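Me: Could you take me on a close look at one part of this protein, starting at a loop with an unusual backbone angle and following the neighbouring elements from there? I'd like the details joined into one picture.

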Amino acid sequence: MTAQEQRRGRDETEEERADRMWGELIQEVRVAQTGVQILFGFLMTVVFQPKYSTLATTDQVIYIVTVVLGACATGALIGPVSLHRLVSGHRVKPQAVRLASRLTLIGLVLLLVTMTSSLLLILRVATHDGYVPYLVAAVVAWYLVGWYGLPLWARRRYSSRSDD
(Lines give C-alpha, C1' and ligand atoms only; values in the text may rest on other atoms or scores of the structure.)
Protein backbone atom coordinates (compact mmCIF):
# COMPACT_ATOMS: atom_id res chain seq x y z
CA MET A 1 0.00 0.00 0.00
CA THR A 2 1.37 3.41 -0.92
CA ALA A 3 1.68 6.27 1.53
CA GLN A 4 -1.18 8.04 -0.27
CA GLU A 5 -3.46 4.98 0.09
CA GLN A 6 -2.64 4.70 3.80
CA ARG A 7 -3.32 8.38 4.41
CA ARG A 8 -6.48 9.11 6.33
CA GLY A 9 -8.34 12.28 6.99
CA ARG A 10 -8.85 15.38 4.90
CA ASP A 11 -6.43 17.64 3.17
CA GLU A 12 -7.60 20.92 4.63
CA THR A 13 -6.06 23.92 6.30
CA GLU A 14 -6.77 24.77 9.92
CA GLU A 15 -9.22 27.43 8.77
CA GLU A 16 -11.01 25.04 6.38
CA ARG A 17 -11.23 22.46 9.14
CA ALA A 18 -12.63 25.07 11.52
CA ASP A 19 -15.23 26.10 8.92
CA ARG A 20 -16.30 22.47 8.43
CA MET A 21 -16.37 21.73 12.14
CA TRP A 22 -18.33 24.93 12.81
CA GLY A 23 -21.01 23.89 10.32
CA GLU A 24 -21.26 20.43 11.86
CA LEU A 25 -21.42 21.86 15.38
CA ILE A 26 -24.18 24.31 14.52
CA GLN A 27 -26.29 21.52 12.98
CA GLU A 28 -25.86 19.48 16.18
CA VAL A 29 -26.74 22.47 18.35
CA ARG A 30 -29.91 23.12 16.34
CA VAL A 31 -31.21 19.67 17.20
CA ALA A 32 -30.40 19.98 20.91
CA GLN A 33 -31.62 23.58 21.14
CA THR A 34 -35.05 22.70 19.85
CA GLY A 35 -35.51 19.97 22.42
CA VAL A 36 -34.21 21.96 25.36
CA GLN A 37 -36.26 25.02 24.44
CA ILE A 38 -39.47 23.00 24.19
CA LEU A 39 -38.75 21.33 27.53
CA PHE A 40 -37.84 24.64 29.16
CA GLY A 41 -40.98 26.31 27.80
CA PHE A 42 -43.11 23.52 29.19
CA LEU A 43 -41.37 23.72 32.57
CA MET A 44 -42.01 27.45 32.78
CA THR A 45 -45.77 26.91 32.54
CA VAL A 46 -46.04 24.35 35.34
CA VAL A 47 -45.81 26.89 38.15
CA PHE A 48 -48.95 28.60 36.83
CA GLN A 49 -51.06 25.45 37.06
CA PRO A 50 -53.46 25.13 40.04
CA LYS A 51 -51.96 21.78 41.06
CA TYR A 52 -48.52 23.35 41.64
CA SER A 53 -49.55 24.78 45.02
CA THR A 54 -50.63 21.31 46.18
CA LEU A 55 -47.27 19.69 45.44
CA ALA A 56 -45.19 18.49 48.34
CA THR A 57 -42.26 20.72 49.27
CA THR A 58 -39.81 18.13 47.93
CA ASP A 59 -41.57 18.15 44.55
CA GLN A 60 -41.55 21.96 44.46
CA VAL A 61 -37.79 21.95 45.16
CA ILE A 62 -37.25 19.38 42.40
CA TYR A 63 -39.28 21.61 40.09
CA ILE A 64 -37.25 24.74 40.94
CA VAL A 65 -33.97 22.87 40.44
CA THR A 66 -35.27 21.50 37.14
CA VAL A 67 -36.23 24.97 35.87
CA VAL A 68 -32.83 26.40 36.81
CA LEU A 69 -31.07 23.47 35.12
CA GLY A 70 -33.24 23.96 32.03
CA ALA A 71 -32.35 27.65 31.93
CA CYS A 72 -28.64 26.79 32.21
CA ALA A 73 -28.89 24.13 29.49
CA THR A 74 -30.68 26.60 27.22
CA GLY A 75 -28.00 29.21 27.83
CA ALA A 76 -25.16 26.79 27.16
CA LEU A 77 -26.74 25.55 23.93
CA ILE A 78 -27.45 29.07 22.66
CA GLY A 79 -23.98 30.23 23.74
CA PRO A 80 -22.16 29.03 20.58
CA VAL A 81 -24.34 31.30 18.43
CA SER A 82 -23.48 34.34 20.52
CA LEU A 83 -19.82 33.33 20.61
CA HIS A 84 -19.71 33.08 16.83
CA ARG A 85 -21.47 36.39 16.35
CA LEU A 86 -19.11 38.24 18.70
CA VAL A 87 -15.87 36.81 17.31
CA SER A 88 -16.86 36.60 13.63
CA GLY A 89 -14.32 38.35 11.44
CA HIS A 90 -11.60 38.41 14.10
CA ARG A 91 -9.70 35.39 12.72
CA VAL A 92 -10.25 33.19 15.77
CA LYS A 93 -12.54 30.56 14.30
CA PRO A 94 -10.43 27.51 15.34
CA GLN A 95 -10.43 28.73 18.94
CA ALA A 96 -14.13 29.66 18.73
CA VAL A 97 -14.97 26.17 17.48
CA ARG A 98 -13.17 24.63 20.48
CA LEU A 99 -14.97 26.95 22.92
CA ALA A 100 -18.35 26.39 21.24
CA SER A 101 -17.78 22.65 21.34
CA ARG A 102 -17.14 22.81 25.08
CA LEU A 103 -20.25 24.95 25.62
CA THR A 104 -22.28 22.43 23.64
CA LEU A 105 -20.96 19.52 25.67
CA ILE A 106 -21.76 21.38 28.90
CA GLY A 107 -25.24 22.10 27.50
CA LEU A 108 -25.78 18.42 26.76
CA VAL A 109 -24.74 17.44 30.28
CA LEU A 110 -27.10 20.07 31.70
CA LEU A 111 -29.84 18.80 29.38
CA LEU A 112 -29.25 15.27 30.68
CA VAL A 113 -29.62 16.45 34.27
CA THR A 114 -32.67 18.57 33.38
CA MET A 115 -34.38 15.64 31.71
CA THR A 116 -33.50 13.42 34.66
CA SER A 117 -34.99 15.79 37.20
CA SER A 118 -38.04 16.41 34.97
CA LEU A 119 -38.66 12.69 34.72
CA LEU A 120 -38.19 12.28 38.46
CA LEU A 121 -40.71 15.03 39.20
CA ILE A 122 -43.30 13.79 36.71
CA LEU A 123 -43.09 10.18 37.87
CA ARG A 124 -43.19 11.19 41.56
CA VAL A 125 -46.35 13.22 40.98
CA ALA A 126 -47.94 10.68 38.64
CA THR A 127 -47.29 7.47 40.58
CA HIS A 128 -46.11 8.03 44.16
CA ASP A 129 -44.53 4.56 43.93
CA GLY A 130 -41.20 3.33 45.27
CA TYR A 131 -40.01 2.11 41.87
CA VAL A 132 -39.66 5.68 40.52
CA PRO A 133 -35.93 6.05 41.37
CA TYR A 134 -35.18 2.74 39.64
CA LEU A 135 -37.13 3.74 36.55
CA VAL A 136 -35.39 7.12 36.42
CA ALA A 137 -32.00 5.42 36.89
CA ALA A 138 -32.76 3.06 34.00
CA VAL A 139 -33.67 5.96 31.71
CA VAL A 140 -30.53 7.86 32.75
CA ALA A 141 -28.45 4.76 32.03
CA TRP A 142 -30.05 4.63 28.58
CA TYR A 143 -29.19 8.32 27.99
CA LEU A 144 -25.62 7.74 29.16
CA VAL A 145 -25.17 4.79 26.82
CA GLY A 146 -26.71 6.54 23.81
CA TRP A 147 -25.30 10.03 24.35
CA TYR A 148 -21.85 9.24 25.72
CA GLY A 149 -21.03 5.53 25.87
CA LEU A 150 -21.68 4.64 22.24
CA PRO A 151 -19.99 7.75 20.80
CA LEU A 152 -16.93 7.29 23.03
CA TRP A 153 -16.76 3.60 22.15
CA ALA A 154 -17.01 4.40 18.42
CA ARG A 155 -14.34 7.08 18.72
CA ARG A 156 -12.01 4.69 20.46
CA ARG A 157 -12.78 1.77 18.17
CA TYR A 158 -12.74 3.52 14.81
CA SER A 159 -10.41 6.49 15.18
CA SER A 160 -7.29 6.31 13.07
CA ARG A 161 -4.24 5.55 15.10
CA SER A 162 -0.91 7.17 14.57
CA ASP A 163 1.95 4.87 13.58
CA ASP A 164 4.57 6.85 15.52
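Reply: Happy to! A good starting place is His 128, which sits in the loop between α4 and α5, the latter spanning residues 132-158. Please keep in mind throughout that this is a predicted model.

What stands out at His 128 is its backbone: phi is positive, about 55°, although the residue is not a glycine. His 128 is exposed, with a relative accessible area of 64%; the cut-off for that label is over 50%.

Now go to the loop at the other end of α4. Arg 91 is found there, between α3 (57-87) and α4 (93-127). Arg 91 has a positive phi too, of about 60°, and is not a glycine either. With a relative accessible area of 77%, Arg 91 counts as exposed. So the loops on either side of α4 each hold an exposed residue with positive phi: Arg 91 and His 128.

Next, α4 itself. Part of its surface is nonpolar: Leu 105, Val 109 and Val 113 form a patch there, with about 220 Å² of accessible area together. If you want to find the patch on screen, look for Leu 105, which lies in helix α4. Leu 105 has a relative accessibility of 47% and therefore counts as partly exposed.

Charge comes in at Lys 93. Its side chain meets that of Asp 19 in a salt bridge, at 2.9 Å from N to O. This pair ties together distant parts of the chain, since Asp 19 belongs to helix α2 (residues 14-46) and Lys 93 to helix α4, with their positions 74 residues apart. As for how open the two partners are, Asp 19 is partly exposed at 41% relative accessible area, and Lys 93 is partly exposed at 23%.

In general, side chains of opposite charge can pair when their charged atoms come close. The whole structure has four salt bridges by this search, and following Asp 19 along the chain brings you to some others. Arg 20 is a good one to click on. The side chain of Arg 20 meets that of Glu 12 in a salt bridge at 2.8 Å, N to O. Arg 20 also forms a salt bridge with Glu 24, with the closest N and O atoms 3.3 Å apart. Here the geometry is easy to picture: Glu 24 and Arg 20 both lie in helix α2, four residues apart, which is about one turn of the helix. Taken together, Glu 12, Arg 20 and Glu 24 are linked in a network of salt bridges.

How open is that network? Glu 12 counts as partly exposed at 26% relative accessibility. Arg 20 is partly exposed as well, with a relative accessible area of 26%. Glu 24, at 37%, is likewise partly exposed.

Finally, see how α2 is placed against another helix. The axes of α2 and α3 come within 9 Å and cross at roughly 150°. That makes α2 roughly antiparallel to α3, because angles over 145 degrees get that label. The crossing in which α2 passes α3 is left-handed.

To retrace the route: it ran from His 128 in its loop to Arg 91 in the loop before α4, then over the nonpolar patch of Leu 105, Val 109 and Val 113, across the Asp 19 and Lys 93 salt bridge, and on to the Glu 12, Arg 20 and Glu 24 network.

Terms used. Residues are numbered from 1 along each chain as its sequence is written. This is a predicted model: local features need pLDDT of at least 70, side-chain atom pairs count only at pLDDT 80 or more; totals for chains, interfaces and linings use all residues. Side-chain values use heavy atoms; hydrogens and water are left out. Helices (H or I, at least four residues) and strands (E, at least two) are DSSP runs, numbered from the N terminus. Buried means under 20% relative accessible area, exposed over 50%, partly exposed in between (1.4 Å probe, protein chains only). Patches are made of residues with over 30% relative accessible area and no salt bridge: like charges are joined within 9 Å, nonpolar side chains (Val, Leu, Ile, Met, Phe, Trp, Tyr) within 5 Å. Accessible areas come from the Shrake-Rupley method with a 1.4 Å probe; for residues, only the protein chains shown count as cover. Axes are lines fitted to C-alpha atoms, for helices over the stretch in contact, and angles run from 0 to 180 degrees between N-to-C directions. Angles under 35 degrees count as roughly parallel, over 145 as roughly antiparallel, 65 to 115 as roughly perpendicular and the rest as oblique. A crossing is left-handed if the near helix is turned anticlockwise from the far one by less than a right angle, and right-handed if clockwise.
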